[in-house]
Amino acid sequence: MKIVCPKNKDHKRFSVTAHVTERWLVDEEGAVVEIVPADSEVTHRPDADDLFECVECDCDAVSTWDNQ
Ligand SMILES: [Zn+2]
């Protein structure tokens with residue numbers, strides 16, 4: 001995967017949404033008390049089909065798969 005800022009190719013940091021499930025400790029009303037890090041799991045790592053934003057200039061970045 002290659003992610004490029006369309007405004008400046010020297011911008012190398014991007015934000016993107018990953019999907020993560022968490023195990024929570026909750027109280028008797030179901031309110032979260034603590035997140036159990038050892039039981040958290042990434043269900044979707046960002047890939048080229050996700051929307052990336054350049055954190056240096058806030059524009060939408062262009063992502064491509066390596067084999068394209
Ligand atoms: Zn940028």
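Here are three short exercises, with solutions, on a predicted model.

**Exercise 1: strand β3 and its partner**

Work out how many residues of strand β3 (residues 19–26) are buried, and how β3 pairs with strand β4 (residues 32–44).

Solution.
- Start with burial: to be buried, a residue needs 20 or more other C-beta atoms within 10 Å of its own.
- Of the eight residues in β3, zero are buried, so the strand lies largely in the open.
- Now the pairing: β3 and β4 run in the antiparallel sense, joined over seven bridges.
- Want to check one bridge? Look at valine 20, whose bridge partner in β4 is valine 42.
- Finally, the turn: this hairpin has five residues between the strands, and glycine 30 there takes a positive phi near 85°.

**Exercise 2: valine 62**

Decide whether valine 62 is buried, partly exposed or exposed, and find its contacts.

Solution.
- Place it first: valine 62 sits in strand β6 (residues 62–64).
- Count next: valine 62 has 13 other C-beta atoms within 10 Å, so it's partly exposed.
- Then skip the neighbours within four places in sequence, and you're left with contacts to Val4 and Pro6.
- Try a distance too: alanine 48 is 14 residues away along the chain, and its C-alpha atom is 8.6 Å from that of valine 62.

**Exercise 3: aspartate 58**

Find where aspartate 58 is, and say whether it is buried or exposed.

Solution.
- Aspartate 58 belongs to the loop between β5 (53–54) and β6.
- The cut-off for exposed is 12 or fewer C-beta neighbours; aspartate 58 has 9 inside 10 Å, so it counts as exposed.
- Check the backbone as well: aspartate 58 has a positive phi of about 65°, although it isn't a glycine.

Note on methods:
Residues numbered from 1 in each chain as written. Predicted model: local features only at pLDDT ≥ 70, side-chain atom pairs only at ≥ 80, totals over all residues. Helix = DSSP H or I, 4+ residues; strand = E, 2+ residues; numbered from the N terminus. Pairing = 2+ DSSP bridges. Contact = placed C-beta atoms within 7 Å.
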